[in-house]
Structure formats: structure tokens, C-alpha cells
Amino acid sequence: MSIKIENLEKHFGAFHALKNINLQFSRNQLTALLGPSGCGKTTLLRTIAGLEFADSGKIFFEQQDVTHLSAKERGVGFVFQHYALFQNMTVFDNVAFGLQVKPRKTRPTKQEISEKVTALLRLVKLEHLAQSYPNQLSGGQRQRIALARSLAVQPKVLLLDEPFGALDAQVRKELRRWLRDLHQELNVTSIFVTHDQDEALDVSDRIVVMNKGQIEQIDEPNQIYHAPQTPFVTQFVGDVNVFHGHIDQGKLVVGEFAHNINAHTNVANPVENQSATAYIRPYELTISRLAENALATGKITHINAIGFIVRIEIESNQSEQPIEVILTKSAYNEAQYHVNEQVYLVPDKLNLFQQMNI
Ligand SMILES: Nc1ncnc2c1ncn2[C@@H]1O[C@H](COP(=O)(O)OP(=O)(O)OP(=O)(O)O)[C@@H](O)[C@H]1O
């Protein structure tokens with residue numbers, strides 16, 4: 001089932017929650033709606049579900065205009081952050097619920113329901129818990145049951161609102177992997193809401209980044225991370241160092257430093273004599289003992305060499321926040337940097353934004 005959204009607008013009183021949303025979801029794709037708290041992700045998801053209605057705009061499921069249809073008529077499955085399982089029913093009955101309450105005419109037989117529920121429990125790998133009650137399950141298991149329950153009625157669209165939000169980091173990670181694998185087997189168009197960039201990058205085929213009721217960028221995870229198109233996306237997805245300056249004779253000038261940006265920036269022709277902000281990932285910044293083509297200088301304040309990579313923090317007058325640089329262990333061992341050392345920072349690559357391309 002493909003989904004198309006045209007010119008969607010939504011207000012809550014005077015608050016403008018969704019601003020001219022235009023979007024397409026391809027059949028069987030897993031899309032993440034990613035953005036900070038309050039940006040409108042849940043409102044958009046609920047509007048797609050038919051649990052909320054837009055002020056204007058249209059929603060199509062394939063060719064059908066579903067804008068004014070109820071959630072039930074749209075045939076969507078919904079999984080919320082807080083597993084809304086029935087506490088007084090067994091796992092089996094929870095999963096069977098949607099089938100058992102179907103009108104007599106369309107309700108499967110008892111035997112068919114039993115087979116279907118067993119197959120779904122097998123799919124979420126919890127067959128052995130069929131006769132348990134929700135309060136006997138872990139958070140992760142409950143969420144998998146909630147998913148099995150929503151799949152029982154064969155939804156054409158599966159909508160997940162922070163499905164792993166209430167779980168601890170380790171379980172979240174496991175369930176992410178599990179959702180990705182499951183989605184490949186399912187053939188269902190899925191949209192999930194998250195404010196966790198790692199989760200979006202790890203699980204989805206495509207990410208829609210939202211900010212203040214608007215879409216900032218729609219792209220594959222790789223593009224969102226490596227080719228962010230707005231300052232907001234650059235800062236929201238992944239760690240980044242920020243340098244404010246201006247362009248002078250093709251160079252980015254930050255304080256007393258003038259860095260030649262040719263060849264390793266996203267902007268071919270930066271506008272002269274205009275302010276510019278450079279966003280640089282920690283691993284795209286090189287530490288040097290020479291001032292040549294540097295963008296900043298600063299003092300090393302902290303070195304974390306515990307893991308596979310080495311994280312170095314530098315305090316600099318050219319940056320409001322401490323600058324973070326990531327080095328490989330071998331580069332670090334070779335250079336032998338130490339705390340309190342004064343060093344220069346030279347970018348290998350930077351994302352530049354000026355007023356006009358924001
Ligand atoms: N029923 C409502 N009445 C009034 N305001 C609402 C209502 N639902 C949402 N809002 C407001 O609309 C904005 C968007 O809310 P929404 O839940 O869509 O954000 P979100 O991006 O999903 O955030 P979170 O990650 O915190 O859930 C918020 O400022 C919220 O307060």
C-alpha cells in the first residue's frame with residue numbers, strides 16, 4: 001500500500017502543528033518520522049491513522065482518498081509506546097482479540113483464529129508465552145506481543161509511535177534489529193515515530209526529518225547523515241562542531257583564521273562577504289601542530305582513549321562549545337597528543353550554510 005499526503009495542515013487552537021506537509025510513502029517501505037519533541041511527528045502519524053483529522057489537505061492510500069475515513073475504515077495497525085495489552089487476558093487472547101471482535105460474517109473460525117495466532121506468536125518468537133499474562137512478561141516481550149496483536153488483522157499499513165520508547169537501551173537495540181528483520185518478511189508499509197536518531201538511521205529505509213511542524217529533509221539514512229540539507233538536520237542527526245564566520249576571497253574566515261574551503265565543502269560557490277556557518281563532524285576534523293590552512297586553534301582539555309577510537313576535546317575561542325575530534329588509535333599513538341597541548345584544527349570536509357541556502 002503506498003501513501004500520499006498532499007498539503008496537510010493542522011492546528012490545535014492557535015498552535016500550528018503541521019505546516020503544508022507533502023509526502024509519499026512507497027509500498028512496503030519502512031519510514032522513520034524523526035524530530036525533536038513537539039515537532040508534530042505523532043500528530044502526523046495519528047492523522048495518517050485516522051485518529052486525528054487535518055484542517056485541510058488530502059491523504060491517499062494507493063488511489064483512494066481516505067482523508068475523511070475513520071481509522072477502522074483505513075485498515076491500519078497501530079502500536080503505541082506504552083503497550084496497551086489487556087492485563088486480564090492471556091498473551092494468546094490478546095493477539096486473538098482483533099479477530100474475535102470481527103462481525104460474525106467476516107470472523108474467522110475458532111480453528112483459523114488459533115492457527116493465525118500461533119503463526120503470529122511464532123513470528124515474534126514468543127510462542128512459548130501464549131498462556132502467560134502481560135504482567136508476567138518483560139517490557140520488550142510485551143511490545144512484541146503488541147505488534148503481533150496489531151498484525152493479526154492484516155493491516156495494509158503499520159504505524160508505530162515510539163514503539164521502543166519506554167524500554168532500556170539494550171532491549172531497544174535488540175528490538176530494532178528484530179523489527180528490521182520482521183519488516184522484510186511482512187510486506188506491509190510501515191511508518192514509525194522516533195526522536196532517536198540512531199534508531200532511525202539503523203532501522204529505516206527512509207527518514208523524514210521534521211522540525212516545528214515542517215519537513216526538513218526526506219532521504220535515505222545515508223544521505224541524511226552524510227548530506228544533510230539544512231543546519232537543523234546537520235545538528236540533529238549526529239554530532240557536529242559548529243564554527244561561525246564569513247566568506248572572504250573564497251576562504252572561510254573565523255576570527256584570525258582563514259581556511260581555504262575549495263574542494264571539500266557542499267557549496268560550490270559561497271557568496272562573498274556573507275556570513276557563513278560551517279558544520280564539521282568530529283571525524284572530519286584533523287588535529288595538527290601546524291597552523292597551515294587551520295580553522296581554529298585551541299587547548300586539549302580531555303582525551304578518551306578507552307575504546308576503538310580516541311575522542312579528544314578541545315577548548316577554543318573560535319567555537320562556543322568544546323570542539324570534539326575523533327581519531328583512530330593509530331593516528332593518536334603516532335602523534336602522542338596530550339592534555340593542555342595547544343593544537344590547530346584543520347577540516348577535511350565541512351558543510352557550509354549561508355543565509356541564502358538555509
Ligand atoms: N490534542 C492536542 N491539543 C493541543 N495541542 C496538541 C494536541 N496534540 C498535540 N498538540 C501539540 O502539538 C505539538 C506537536 O505534538 P506531537 O505529539 O505531534 O509532537 P511529537 O513530535 O510527536 O513530540 P513527542 O516526541 O514529544 O511525542 C506539540 O506542541 C503538542 O503540545
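In the predicted model, asparagine 293 has 16 C-beta neighbours inside 10 Å and therefore counts as partly exposed. Asparagine 293 is located in the loop that runs between β15 (285-288) and β16 (296-304). Although asparagine 293 is not a glycine, its phi is positive, at about 55°. Glutamate 162 is another residue other than glycine with a positive phi, in this case near 45°. The loop that holds glutamate 162 connects β7 (157-161) and α6. Glutamate 162 has 19 C-beta neighbours inside 10 Å; because a residue needs 20 or more to be buried, glutamate 162 is classed as partly exposed.

The overall organisation of the chain is considered next. The protein chain contains 10 helices and 20 strands. Along the principal axes, its C-alpha trace extends over about 80 × 45 × 35 Å. Of the 358 residues in the protein chain, 37% are buried. When contacts between residues at least 6 apart in sequence are considered, 68% of them join residues at least 24 apart.

The domain assignment divides the protein chain into domain 1 (3-235) and domain 2 (239-357). A distance of 40 Å separates the C-alpha centres of domain 1 and domain 2. Four residues from domain 1 and five residues from domain 2 take part in the contact. On the side of domain 1 that touches domain 2, two residues are nonpolar, two are polar and none is charged.

Helix α6 illustrates how burial is distributed around a helix. This helix comprises residues 169-186, 18 residues in total, and reaches 25 Å from its first C-alpha to its last, close to the 26 Å expected at 1.5 Å a residue. Its buried residues are Arg172, Leu175, Arg176, Leu179, Leu182 and His183. Seen down the axis of α6, these buried residues fall within an arc of 140°, so they line one face of the helix. An α-helix has 3.6 residues a turn, and residues three or four places apart therefore point the same way. The buried residues of α6 pack against β3 (30-34), α4 (110-123), α5 (139-152), β8 (189-194) and α7 (197-203). Turned away from the buried side is a face of α6 that carries the exposed residues Gln170, Arg177, Asp181, Gln184 and Glu185.

Lysine 173 also belongs to helix α6. Lysine 173 has 15 other C-beta atoms within 10 Å and is therefore partly exposed. Between the C-alpha atoms of lysine 173 and glutamate 199 the distance is 8.0 Å, although 26 residues separate the two in sequence. Just after α6, asparagine 187 adopts a positive phi of about 55°.

The surroundings of the ligand draw on several parts of the sequence. The residues around the ligand are Phe12, Phe15, Ala17, Gly35, Ser37, Gly38, Cys39, Gly40, Lys41, Thr42, Thr43 and His195. By class, this shell has four nonpolar, seven polar and one charged residues. At least two residues of the shell are supplied by each of β2 (15-25) and α1 (41-49). Helix α1 provides the largest share, three residues. Within α1, the buried residues are Lys41, Thr43, Leu44, Leu45, Thr47 and Ile48. Lys41 and Thr43 thus appear both among the residues around the ligand and among the buried residues of α1. Glycine 50 follows α1 and has a positive phi, near 90°.

A buried position in a strand is provided by isoleucine 215, which is found in β10 (residues 214-219). Isoleucine 215 counts as buried because 21 C-beta neighbours lie inside 10 Å. When neighbours within four places in sequence are left aside, isoleucine 215 is in contact with Ile21, Leu23, Val208 and Met210. By contrast, glutamate 73 lies 27 Å from isoleucine 215, C-alpha to C-alpha, and the two are 142 residues apart in sequence.

How values were computed
Residues are numbered from 1 along each chain as its sequence is written. This is a predicted model: local features need pLDDT of at least 70, side-chain atom pairs count only at pLDDT 80 or more; totals for chains, interfaces and linings use all residues. Helices (H or I, at least four residues) and strands (E, at least two) are DSSP runs, numbered from the N terminus. The expected span of a helix is 1.5 Å times one less than its number of residues. A residue is buried if 20 or more other C-beta atoms lie within 10 Å of its own, exposed if 12 or fewer, and partly exposed in between; C-beta atoms are placed from the backbone. The arc is that of the directions from the helix axis to the C-beta atoms. Two residues are in contact if their C-beta atoms, placed from the backbone, lie within 7 Å. A residue is near a molecule or strand if its C-beta atom, placed from the backbone, lies within 6 Å of it. Ala, Val, Leu, Ile, Met, Phe, Trp, Tyr, Cys and Pro count as nonpolar, Asp, Glu, Lys and Arg as charged, and the others, Gly among them, as polar. Domain bounds come from an automatic or database domain assignment.
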